[in-house]
Amino acid sequence: MTPWTALLGTRSERLAESQPPRGSRIVAYVLFFALGAAASLAGCFVQTLWAPGGLLLALAGSWGVFYGGLRVTGTKLGAGAPLAGWFAVLLVLMSPRPEGDFVLSASLTSYGYLFLGAVGGVICATLPTRSGFGFGVPGPER
């Protein structure tokens, strides 16, 4: 058994888990949107403050929120909700202010955070889930 399998479980184990009720999933989507926004805000400062180790820490936090949303809800939208919150905050933080200040500077670590964070979110959103092919639509009973 590899360390990844021990941590994440096998594909068959993940697909065999039961899905939470619809109301719980909707609450989880909203909470994970807010967690994705918070991870984005914290990651913007951490990746600049403690470069290059801060970049790894910021990416690990973002990817953890994306994968956590996928596992908790069991749907692709579970990974998409924190990714949407992550992007929403980044759009605000990338825009310059009238005073000339901005949070994400044009540096290699900032570009790495943007690119690798987005790639990690897309990877989590395309992993196999317990639901069908529709976003948030439960699949057939197994």
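A residue counts as buried when its relative accessible area is under 20%. Trp-86 has a relative accessible area of 0%, so Trp-86 is buried. The model is predicted, and what follows describes its confidence, helix H4 and the aromatic residues.

**Confidence**

Mean pLDDT for the protein is 82. Of its residues, 85% reach 70 or more. Helix H3 (residues 22-49) has the highest confidence, at a mean of 91. Helix H1 (residues 3-8) has the lowest, at 69. Where pLDDT is low, the predicted coordinates should not be read in detail.

**Helix H4 and its partner H3**

Helix H4 covers residues 53-73, which makes 21 residues. At 1.5 Å a residue the helix should span 30 Å. The C-alpha atoms at its ends are 30 Å apart, so the expected span and the model agree. Gly-74 follows H4 and has a positive phi, near 75°.

H3 packs against H4 at an angle of about 175°. Their axes are 9 Å apart. An angle over 145 degrees counts as roughly antiparallel, so H3 is roughly antiparallel to H4.

The contacts involve several glycines and alanines. On the H3 side they include Ala-28, Gly-36, Ala-39 and Gly-43. Aromatic residues of H3 also take part, among them Tyr-29 and Phe-32. On the H4 side, the residues met include Gly-54, Ala-58, Gly-68 and Gly-69. Those four H4 residues are also among the buried residues of the helix. So are Leu-55, Ser-62, Val-65 and Thr-73, which likewise meet H3.

**Aromatic pairs**

The whole structure holds three aromatic pairs. Two of them are set out here.

| Pair | Centre distance | Plane angle | Type |
|---|---|---|---|
| Phe-66 and Trp-86 | 5.9 Å | 85° | edge-to-face |
| Trp-86 and Phe-87 | 5.1 Å | 75° | edge-to-face |

Planes over 60 degrees apart count as edge-to-face, so the 85° between Phe-66 and Trp-86 puts that pair in this class. The 75° between Trp-86 and Phe-87 does so too.

Phe-66 lies in H4, and Trp-86 lies in helix H5 (residues 76-94). Their pair therefore ties together parts that are 20 residues apart in sequence. Both residues are buried. Phe-87 is partly exposed, at 36% relative accessibility.

Which residues do the ring pairs link into a cluster? They are Phe-66, Trp-86, Phe-87 and Tyr-113. Within this cluster, Trp-86 pairs with Phe-66 and with Phe-87.

Definitions and conventions: Residues are numbered from 1 along each chain as its sequence is written. This is a predicted model: local features need pLDDT of at least 70, side-chain atom pairs count only at pLDDT 80 or more; totals for chains, interfaces and linings use all residues. Side-chain values use heavy atoms; hydrogens and water are left out. Helices (H or I, at least four residues) and strands (E, at least two) are DSSP runs, numbered from the N terminus. The expected span of a helix is 1.5 Å times one less than its number of residues. Buried means under 20% relative accessible area, exposed over 50%, partly exposed in between (1.4 Å probe, protein chains only). pLDDT is the predictor's confidence in each residue, from 0 to 100. Rings of Phe, Tyr and Trp (its six-membered ring) pair if their centres lie within 6.5 Å; planes under 30 degrees apart count as stacked, over 60 as edge-to-face and the rest as tilted. Axes are lines fitted to C-alpha atoms, for helices over the stretch in contact, and angles run from 0 to 180 degrees between N-to-C directions. Angles under 35 degrees count as roughly parallel, over 145 as roughly antiparallel, 65 to 115 as roughly perpendicular and the rest as oblique. Contact means heavy atoms within 4.5 Å.
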